[in-house]
Each structure stands twice: as C-alpha cells, then as structure tokens.
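Me: I am new to this structure and would like a close look at one part of it, together with whatever surrounds that part. Please explain the terms as you go.

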Amino acid sequence: MEAAVKEYTYKDFASDQEVRWCPGCDDYVILRSVQKALPEIGVNKENIVFISGIGCSSRFPYYMDTYGMHGIHGRATAIASGVKLANPKLSVWVITGDGDSMAIGGNHFIHVLRRNLDLNIILFNNEIYGLTKGQFSPTSLVGQKTKSSPYGNTQPPFSAGELALGAQARFFARIGGNTPKEMTEVFIASEKYKGTALVEVLQNCPIFNDGCYAKYTDKAVREDRQLFVEHGQPMIFGKNKDKGLILKGLRLEVVTIGENGVEESDILIHDAKEQDPTLHQMLVRMEYPMVTGIIRSFQDVTFEEREDALTSQVKANSAFRKTDDLFFSGDTYEIKG
Amino acid sequence: MDTKVDIQEEILEAVIIRFVGDSGDGMQLTGTQFSDTSAMFGNDVATFPNYPAEIRAPQGSLYGVSGYQVHIGSVEISTPGDEVDLLVAMNPAGLKTNLHSVKPGHTIIVDTDSFSKKNLEKALYESNPLEDNSLENYRVIEVAMTSLTKEALKDVQGLDNKAITRSKNMFALGMVYWMYHRSTEHTIEFFQKKFKTKPAIIEANTKVLNAGYYFAETLELIPNAYTISPAKMEEGTYRIIMGNTATAWGFLAAAEKSGMELFLGSYPITPASDILHELVKHKHFGVKTLQAEDEIAGITSAIGASFAGDLAITTTSGPGLALKGEALGLAMMIELPLVVVDVQRGGPSTGLPTKTEQSDLLQAMYGRNGESPLIVIAASTPANCYNYAYEAAKLTLEHMTPVLLMTDGYIANGSAPWKIQSVNEMPDIKNMRLKEFKENYHPYERDKDSLARYWAVPGTPGLEHRVGGLEKDKVTGNVSYVPENHEYMTHIRAEKVKRVQNFIPDQETEFADSGDLLVVGWGGTYGSLHSAVKHLNEEGYTNIGFAHFHYLNPLPKNTEELLKRFKKIVFCELNTGQLIKIFKANFTGHEFLQFNKIQGLPFANNELKEKFKQILS
C-alpha cells in the first residue's frame, strides 16, 4: 500500500545549502514559488526529483530538499526521461534555461516534447547567458548588445512557445518572473497535468539583461500589457478590465469593450484544452498583450502509457518469464559426452 | 571428356566454406543455415559475415559483394579461418573479389548462368575466367544454378520470376549439404516456421534445396565427398549465438540475478544496433528501452534511469563513444552504475563501419575531460560476450563506477556454439542500494574495501540528496571548491577503480607459463592468436606462451609478475599499438614488441605464425 501523503510547508523543501544567485534575481522568486507549490501537489518528497542542466538556473536542485541531479549542459530533459521511465511513480521536474534548452540542448528539448512523458519543465528564459557572463542566447533579440555581440546580435531569436508548440507540446504556460502567486498556481497545475508540461518564466537577469521584460512585467504596466489567460474565461485584460481579444480573419485583435459596439460577450473565451494548436500559437506570438497563464493544456496519451500498454500486451502474449525460458527456447541441441 | 571421378570419402578435421554473391542473393541466410545445421550435428563452428555498408549495392558490382564464411570442425574451432576450402560464388564479382582466399587446388562452385557478358563487365573481367584457364589451379564445379532452379520450380504456382531466381541460394546450399553429409531437415523446418503464412514459398525453397542436394548426389560431378565428424565438445545443451545477442543476453541475466530492471538508452549505430534490436524484444522481462534522439540522449537517459535505480546501459560504436564522453564523465563523477558497450569498428571518424578494428582502447581509457578513470573490460569471443556483459553489470553495481565493455564487429557479428549458461550458474551480484532510512546518510560515504559509495534512490524516504557534475565534498556530496578536497576526491575515484584488482581473477597464460616469447592480445583477436600459438606449440615451439587480457583497467594484479617470466613480449593488436602504450607506461624493464594490422580485417593465422617464428629466430 502507498504510504500516506505527508503534510508539508514550503520550508520542508529548502535544503541546507546557501542560495547563491545574484541579489534581485528572479530565480529566488521561482525557487520560493516551487517550494510553495510542492506542499499542494500531494506527493511525498522522497518521490520528487529535480534534474537540471548547466547555467545559473541549473543550480536549483542543490537548493531543494528532494532528490536531485545537477547534470550536464543541455541534457536535463534526457536525464529526466530516464528517471521517469525507470520509475514512473516519481514527480520529475526539469530545470533549464534558454541556452540550456534551446541552444546546446535543443535536440533533447524538441524530442522530450514530442514524446510527452509526464514531466514538468521550468524554463528560465532571461534572453541572455548569465553563468558564462553575458553572451547572447537563442532568445536574445536582434540588435541586442552583449559580450559576444558588441555591435548588436544578428541572430533572430526563437520564441520558446512557438518552438514548443511546433514540437507538439501539449501543455505550455508562460508566467512573469515577478508574479509569485500566479507562478505557484501554474506550477501546481503543471504537476497535476499528465504529460510534458512546459512553463516558461520570463525571468529578469539584473546583471546582464536587466529590464528585458520590464515593459510587460513592471508593476505599473503589468495589468495593461499582460493578458493572464484562464481556461473557459474571456480573454480580458487591462487595469479597467476593458480590453480583450477577438478573432479578425486570421489574426487576433485587441479591442476595447464599450467602443465601436464591442461587448464583453464578443471577447474570445480561452480554450486551453483544444487539440488544434492554431489559436494557442497566435496567443504565444502576441507581444501586445504579452499572454501569460496556461495557454495550452491538451490532454493526450503519455509516452509511459503507450509503453506500459505495449509491455502488458507483450507480457500477456509471451511464454517467457525467466531468462532460462529464452535461452533454452528454439534451436538448441545436445552434445553428449 | 569424361568428368566422372570415383567418389572418395575424405575425412577432414575442419573445413572452411565461403558463400559469396550479390548483397541481395541471400548469402547471409545460406551461411547461417549451414553453420546452424553443422552445429546441431555436433561440430564446433565459427562464422564471419562480410557485407558491404550499402544495403543494396548495384547488382553485380564488385563493391556489392556480400559474403558469409563458416568454419566447421571435429576439433576446436577458434576463428572463422583465413583461406577457404570451398568457395561458392553466385556471380563473377563474387569470384573476382574472393578468389585470392581460396587454397590452391581447392574447390570453387559457380553459377554459370550468372557469367553473362554484362555481369563479367560489371566485375571488370576482360575475359570469362571459366573459359580462359585462369582457374586451372582450382577444382571448378560449373553448375547452371539459375536454370536448374527454374526447372525445379516450373510446376509451383504463385511465384513470380524474381521469387524463383531468388531461391537459387538454396540450390547452392543443397549441394553443399550433400558434400558434407549434412541433413536438409533443419533448414526445411526453418522454412516452415519462417514462411508460415506463405505455403508457396515453403514449397519452392524446399524443392530447390532438395534439387541442389540430389543434383550433387546423382550427377557425380563432385570430385570429393567430405566427412567431418562431430567435435569433442563438453557435454551440455548448446545453441548458436551471435556476439551481439550474447551481449544482450548477458545483461538480461544480470538484471534477473540482481533483481533489478534493465534500462537501455541507445541510438542506432553499426555494428552495435543488434543489441538494441535484441533487447527491445524482451519487454516480457520488464526490459525498458529508449531509442533516443542521439548518442548523448542515449547515455544521459541511462544515467537518469540509473539514478532512479535501474540497471542502466547504453550501447554504441566508436563515433558514438566520442559523443558520450562528457556524459560518461558525469556518471563517473556522481559515482553511479552504468555500462557502456563499445562495439568497435574501423575508425577514425566514420571510418569503416562494417569492418573490425581495435582502435578505441585509448579512447575508452582516456577519452574524457579531467581525471576520469573507468573500469574497462573486453569480451573475446561471440559466446563470451555473454559472460563479459554479465561481468560488466556486476562490476558496475558492486563498485559504483561506470564500466566500458569493449567488443568489436568481428565477434559481435560472428557466431559460435554457446553452451547455455543459466542464470543459476552465474555468480551472485551484490549492489550498494540502501533500501530504507539510515540515520545520517551521506551520499559519498563508502564501503571501506571497495570504496564504492552507498546508493540511495528516489522513493526512499529520508535519504533525499543531490548529486551533480560539480566537485563534491568527500562526505556530504555538497558542492566543494576546497583545493584539498578536489585532490582527495580525484585520488579516491582513481583508487576505487584500482581496487577492482582485488575482485577480479589473476591473468592466466596458455601453452607456456614462462619462456622466450609471450604473445599478448585483448578483445576479438582471441581466436586468431590462440590458434596461431596452438599451431606453433604443436609444431614443437613449447617456449611460447599466450596471455589474452579481458580486464584492461585495472589490469590483473599479477600482470607484472607474469611479464617477468618471458624474455620477449609481443602485443598483437588491430590498431597501431594501443595496449602496448598502456603497458609501456606501467611496466618497465621488459622487451616489448608489437605486431599490428589496420585493414579492417582480423589477423590471418599464417601472418601471426611467421611473425612469432621471426621473433624467436
């Protein structure tokens, strides 16, 4: 029988290691939000595993009092896949950054999404390389001046969400790095979701890319510039809750409720569970408003479910129980002394 | 001219037969059937397939020739052999590329129907070798196999022309069965199983096989008939096994014995893919396989599975091992069990994917950043791939450090009789798992003898901990930049590997314990070296010993003492001299010589014997 689920507070998930990120880094917010989410997911901490790659964010497992591995650059998703396949009962979390997941680990990133194992991936996107001290990343903007692009970056960026949806991500959420309450909710939802759940955090790096998301995330502009979507709710935003999205032709358009005859009932209702990702892709691409919250949450068969079903079927149809059954089957022959 | 010859029964100890033809002619199947049938008759056998990297090279071309060599004997057979007693050539290209391997005076069977002008041109023959006397040093048996096959099948319904022509390999097999007094029974049973739903194919193949058999019997065109008695082999239940299958089965056995689940993370690569193909079949034993997106995901998924408590392995060949280097360093640093199988092929770079070589040893030993010693062992025959895969799993679980298992294309694709070893006969496998809460657990606490750390896996309450590629504090496993700690940990990881010496057998020598020359080898060259030294021993050279190393890092404890008993030591390797480099770095005061071959081919018996004689003279 399964052991009873223990009661925890966020403090139970803090390890004895001193946290060593730069003062003011959003990573602290993410750490605390995860520690606050975990007591809510109903999993004993011996069954929780954090796996990371390399980068500032990837120190994360050391700060969690769970099982954890600080892996190598770009490979956290592949390591985590092995953990999950070995023991599907575990709650497995991948911690990665924009360089770790979309540059050096790009291949594993798209394939993990394609397979749809039940994993949680938290992508710390700060649009810069922090640990190697300030080079451009695959999400840095064209023209961005960095240590390795002193005259401006000439490589067009990936959009994490577009890349993920293109790789068949069934769950994609985006959240500002300075909204811990919503972040905690998204993490809880990502754990409850069965399948690969990708959460992109718009994470400010105060040292090498300070303010890169300020126009969407600063407290003063946040409500006017961000649309926090919720499944089944109209996509309304703005301080006065008077802006919303409608579909016009093949584009989403921002409208003001009460102007030009637009009523609240005209505003699109968010359907995160829709299989067709077309609208989700449009939401992901928007810059005004920056869409946050759970953009896509389509429930599909997981990789472990497919594997399990196949294994049960093979087991049921096979006479082999022990290796002796195999070794002594078929074309064997006797040599007499 | 009367070609009839009195049939004489010639009794042979061993015979080497090579079947060659187009890569679509079914030569691999023909060879496999002959070797299986002979093994069941009680012969010792060794086989060696030799095929092009192209799946279907242009028909009739020289580079599209596919071959399968079988060595059968009433005596111990340790290699597929060098020069052949019988060549079966299904086309001119096969004859041209293999003629040099036929012993002068020995037999060649050709399908005359395939010696058309077009095929002769494709094989770059200026004149027809069957007509220009260029084969006068051989006994050539000309058989119109394609026409005879068509004739045999003229009454069988439901076959197209292609299917008819394709079964001519069974005509050749039937003839060879008659020549060596082998029954067609096993092969007919094989058809019945393989083509269960296609009765026309069963009928056709059986007819053609029998037609070939009776053709050889009744036309008396065969100059000699040969008898090979059963070999004196140890009593027991046997089967024919390929090296890659044996490797896969060794891991199955280790998983069962240790009570663990087996996980394979792998990316397809020649010549290692057959291990993946084999293990993926065995979901009934709970085997988990992940065909990953690349070599790196192959090993890193295995590291994840190991962290979560599975017996984890990854399989590859040289180029893939290079890609796995960084991850292998991680596995060593976090001190988790992991087996990496390197089925070596010709290198460097893409090299010679379907040919054999032993040029990955230094990569296996040193091919990682930082000080990162691993356990390195090597199998040496198709059958003992089973034992060394098992041993690799045992060592990695008991010593908590990765093990590299080296095999090569030669033994991986070669097959031989295997006296089946049940899991019940295999040694126990311990592991370092902590099954329940332990007060004050620290991940880097070690067993005092082996220095293996204790292993807590996710799911065990109270033992939550973190590991990673950053240097670890010697006890707590927390990140540590303390200079003395790094030096201490570097030494402890090396010492842990060195202490494996206390748990492995001493190195043995064959033929002589001391003397003038010690022949040293490792890996897939065992058969060639063993038979060369054996022949010389039988010729009266009792001063040559033979030591074949299976444990390469660490080397067995008695290695130095063993070397001292011989005046000269010759290292025979299919590379430019890799094991000898390791010995030169570790042992001084010995006369080390080397003999190397880098042609993608195994050593030939004669070249070894000549070399050894030359050293002794």
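Reply: A good place to begin is helix H6 (residues 180–192) of chain A, which lies across E3, E4, strand E5 (171–176), strand E6 (197–202), E7 and strand E11 (290–297) of chain A, and runs at about 165° to E5(A). Helices (H or I, at least four residues) and strands (E, at least two) are DSSP runs numbered from the N terminus, and angles, from 0 to 180 degrees, are taken between N-to-C directions of lines fitted to C-alpha atoms, for helices over the stretch in contact. Contact here means that the C-beta atoms of two residues, placed from the backbone, lie within 7 Å.

This is a predicted model, in which local features need pLDDT of at least 70 and side-chain atom pairs count only at pLDDT 80 or more, while totals for chains, interfaces and linings use all residues. Residues are numbered from 1 along each chain as its sequence is written, and chains are lettered from A and ligands numbered from 1 in the order in which they are written.

The strands under H6(A) belong to an open sheet of nine strands with mixed pairing, in the order E7(A)-E11(A)-E5(A)-E6(A)-E4(A)-E3(A)-E1(A)-E2(A)-E17(B). Two strands are said to pair if DSSP finds at least two bridges between them. At the edges stand strand E7 (226–229) of chain A and E17 of chain B, each of which pairs on one side only, and from one strand to the next the twist averages 20°.

Within the sheet, strand E3 (residues 91–97) and strand E4 (residues 120–125) of chain A run parallel and are joined by five bridges; A:Thr96, for instance, has A:Leu123 of E4(A) opposite. Another helix, H2(A), also packs on this sheet, where H2(A) touches E1, E2, E3 and E4 of chain A and points at about 175° to the direction of E3(A).

At the E17(B) edge the sheet passes from one chain to the other. E2(A) and strand E17 (residues 466–468) of chain B pair in the parallel sense through three bridges, and there A:Gly68 faces B:Arg466 of E17(B). The wider contact between the chains takes 50 residues from chain A and 57 residues from chain B. On the chain A side, at least two residues each come from strand E1 (48–52), strand E2 (67–70), helix H2 (76–86), helix H4 (106–115), helix H10 (303–317), helix H11 (323–327) and strand E12 (332–335), and H2(A) gives the most, with eight residues. By class, the chain A side has 21 nonpolar, 18 polar and 11 charged residues, where Ala, Val, Leu, Ile, Met, Phe, Trp, Tyr, Cys and Pro count as nonpolar, Asp, Glu, Lys and Arg as charged, and the others, Gly among them, as polar.

E12(A), one of the elements on that side, makes a strand pairing with chain B: E12(A) and E9(B) are antiparallel over four bridges, with A:Tyr333 bridged to B:Tyr238. Strand E9 (residues 236–242) of chain B has five of its seven residues buried, so it is largely enclosed by the rest of the structure. A residue is buried if 20 or more other C-beta atoms lie within 10 Å of its own, exposed if 12 or fewer, and partly exposed in between, with C-beta atoms placed from the backbone. E9(B) is also joined to strand E16 (residues 415–419) of chain B by five bridges in the antiparallel sense, and B:Arg239 stands opposite B:Trp418 there.

Behind these elements one can look for nonpolar cores, that is, sets of buried Ala, Val, Leu, Ile, Met, Phe, Trp, Tyr and Cys residues joined through C-beta atoms within 7 Å. The largest has 251 residues, and A:Val83, A:Val199, B:Ile303, B:Leu405 and B:Val519 have the most contacts inside it; helix H14 (residues 385–399) of chain B gives this core the most, nine residues. Leaving aside neighbours within four places in sequence, B:Ile303 is in contact with residues of both chains, including A:Ile79, A:Gly82, B:Ala312 and B:Leu338. Apart from the largest core lies another, of eight residues, among them A:Cys25, A:Cys56, A:Phe136 and A:Phe208.
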